[in-house]
Amino acid sequence: MEEKLAQPAPSPLSRIGRGLRGALTHQAGFMALMLAAMWLVFSSFTPYFLTSRNLLQITVQAAVVAIAAVGQTMVIVSAGIDLSVGSVLALSTVVSAMVMETGQPAPVGVLVGLLVGGICGWVNGITVGKLRVPPFIATLGMMGIARGLALVVTQGIPRFRLAPGFDTIGQGRILDVVPVPTIITIVVYLLAWLILTRTRLGRYTYSIGSNAEATKLSGVNVTRYLVLIYTVAGLCVGLASLIEEGRLGSGQPAGGDGLELQTIAAVVMGGTSLFGGEGNIFATLVGALMIASLRNGLNVMGVYAFWQNVIIGALIISAVYVDQWRRSHRITS
Amino acid sequence: MESSDAPVLEVRGVSKRFPGVQALTKVDFDVRRGEIHALLGENGAGKSTLMKILSGAYSKDDGEIIIRGQPVEIRSPRHSQELGISIIYQTFNQARHLTVAENILLGREPLTRWGTIDRQKLHEQVRELLDKVGLDADPRARVMDLSVAQRQMVEIAKALGLDANLIIMDEPTSALTGRETQRLFQIIHDLSSRGVSVIYISHRLEELKEVGDRVTVLRDGRRVGTLPIGQADFPTLVRMMVGRDLKLTMLTDRHVGSKEVLRIENLVRRGVVGPVSFVAHEGEIISLAGLVGSGRTSLARAIFGVDRLDGGQIYIGGHQVRIRKPQDAVRAGIGFLTEDRLVSGLAMSLSVAHNITLPSLSKFERLLMLNLESEREAAGKSIKQFSIATPSPDQTVRYLSGGNQQKVVLAKWMMANSRILFLDEPTQGIDVGAKEEVHRLMVDFTRRLGGTVIMISSDLPEVLRLSDRILVMRDGRIAGELPGIEATQEQVMNYALGVAEESLAG
């Protein structure tokens, strides 16, 4: 079997070239370049796009999707899918709002929101891991259940009386500049990166997605870890729901509509395979930012809102197509 | 058992190659009209390749096929059927949810004037065919509700409906009771007297005496010989199936087992394995030999906790252990290198390092965090120790050669500190060099480190070369035990085939 020969010491210029090529072949790096390209294109159309104010606005607009997409990334890497994201978000916001209506302070509202998300995620995990229901079906069922519950407890009426101070989560700014949702997003992604690269949970997420049978035969309790993965995903939705609640200042039973598809789009545009076993968490962040940037840019340009959906749909397809091209070239080169 | 002399099928000089292996080399074979021609050979001898060429599933590289005097190129399964050849696979080719009638005339249903299926005609025609094979079933019954024997009759009826004059049967009796087998033989004789020829593939030598005119033996892709059944006694057949020119040297001195490391008592998995009992000692290499389907893998899977045990006890180091899932087995120090590493041995999209460390991650864990540096170091050591050829530990394991992938699986279990290793066909599909390395690793593991290996292998020279003891399985039970050093391939095959010792001339 041929071994790779030792490479001679590279010159500085070739190092830069290799760095660039490395970025091109690396998933997140490639997507980040595409994001930068998109920003340049938009800034050429209007000077208002590439301002720090607008860019920060993009991160706020992306926050809910980005945070929920962390959980979706883990689920998809484990070769599953979570269709209940939007409905669970709605349920979390209304239960949290209703609890605060009774006079509970903001921290309790926060806890309740997280708990609801976590519990729904845990149920998903049990259904998939123990009952062996396919993830698509399990989370599809939860989608209906959570949405139904949200409508039942609120009787369809949004709840507006949140605890004082709660909306800081969605609308506050640190040092008057950096939006709170942005900080939370960064922290969550760093945590997620740590989990996925430096913990057993993260490692098993990849191995289960790559080959659940081999993982089981290696003595890993796959059931337990599947439950964990979906519970974490539920917690991410819970956290995202707090930001949404904070931004809107209310708990909306009809909220989060279509969020599952948006999170899947973010994951997929980040280049993560829907078949599981591989994926980069930061690439998901870039995917979420790409979609939010696109919406924001088209808004600033004054494009009719409904056309935006068409463009975003086309963008998702082309992003994945380009990513597949990138992969096949990496193999052959 | 009459047969006229004109061959209905002639195979001349047919060869077939797959990447890495020459499956058939210049095979000659002929079948006469109305003949029942048995085909014998070990696992991998080329029987199913030859049959798949005849049935149109594969195409030959070389040689001629002559049907009723006309040379033909069999282009597809449908073409093969049109030529009058019908094959009944061991695992049948039926649409289980459809009815008997729908299956028998699948694709050739009689149609009404308006293009819909004429159900009445369908049932009439099917009834005729069922009578021919003597099957009593209701044509409207769903195939999956029938017994295995009945489903087999449906397959034969289908073949007759296709006007087959050559029917190939692959291990037809493996799932039948004694009485059903006799019934089948009756039908085969009936077919023969009507001029239909049958190619009968089976491992059950006793059966061939009852239903067979001639027998052809294949070995390593070549035809060893063809005999009239009267001249084919068991020792001759076994020798033809197995005899190899060189006897490979024993790789190591025979080890006499000392300390008991694993004891299996009356292990049963209903309908598949058991009761099985055996003992394994420290430093021993034990082989589980036997033909495909004899229950070796099922036994290993039951011990490893993949499949449920219906009865029996497992003792490790003298203490009884309860193994209900793979986790328990791994914790008890057992490792399992599965037969299909692609399916259940490796996580293909993960790196070499991550595959090696997968069962052992808790070793590198502190306060819920993994120490990636020490993990990488350990993986690197492992890669060097096993001479795994990879550009880096982070290389995706999918891109490694088969032999190196197998070494990754071995390295994985070594790192997990397995004391007892089950290896299921460890050198299947890997090149000779890697095979040699794997053998040396096995010897090192047992002789130097005191581990125990239980190897499932269909490769008899490999078995003879490495084993301290050979347990031969047949029909889910241990048919016999042989000491490694004095055993011969013939002895192993005799146990595997169930040939009673008195019938051996010596």
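User: In chain A, what share of the contacts with a separation of 6 or more comes from residues 24 or more positions apart?

Analyst: Two residues are in contact if their C-beta atoms, placed from the backbone, lie within 7 Å. In chain A, residues 24 or more positions apart account for 79% of the contacts with a separation of 6 or more. This is a predicted model, where local features need pLDDT of at least 70 and side-chain atom pairs count only at pLDDT 80 or more, while totals for chains, interfaces and linings use all residues. Residues are numbered from 1 along each chain as its sequence is written, and chains are lettered from A and ligands numbered from 1 in the order in which they are written.

User: How should I read the radius of gyration of chain A?

Analyst: Take it over C-alpha atoms and set it beside the globule rule, 2.2 Å times the number of residues to the power 0.38. For 333 residues a compact globule would come near 20 Å, and chain A, at 21 Å, agrees. Its C-alpha atoms fill a box of roughly 70 × 55 × 35 Å along the principal axes.

User: And which residues touch the most other members of the largest nonpolar core?

Analyst: In soluble globular proteins, nonpolar side chains tend to be buried together. A nonpolar core here is a set of buried Ala, Val, Leu, Ile, Met, Phe, Trp, Tyr and Cys residues joined through C-beta atoms within 7 Å. Buried means 20 or more other C-beta atoms within 10 Å of the residue's own, exposed means 12 or fewer, and partly exposed lies in between, with C-beta atoms placed from the backbone. The largest core has 236 residues, and A:Ile67, A:Ala68 and B:Val492 touch the most other members. Helix H10 (residues 222-248) of chain A gives the largest share, 16 residues. Helices (H or I, at least four residues) and strands (E, at least two) are DSSP runs, numbered from the N terminus. Beyond four places away in sequence, A:Ala68 touches residues including A:Val85, A:Leu89 and A:Cys236.

User: Is B:Glu171, with its positive phi, buried or exposed?

Analyst: B:Glu171 is buried, with 20 other C-beta atoms within 10 Å. Its phi is about 50° although it is not a glycine, and its place is the loop between strand E7 (166-170) and helix H6 (178-193) of chain B. B:Ser387 also has a positive phi, near 50°, but counts as partly exposed with 13 C-beta neighbours inside 10 Å.

User: Where is the cis peptide bond?

Analyst: The cis bond joins B:Gly274 and B:Pro275, with omega about 0°. B:Pro275 sits in strand E12 (residues 273-281) of chain B.
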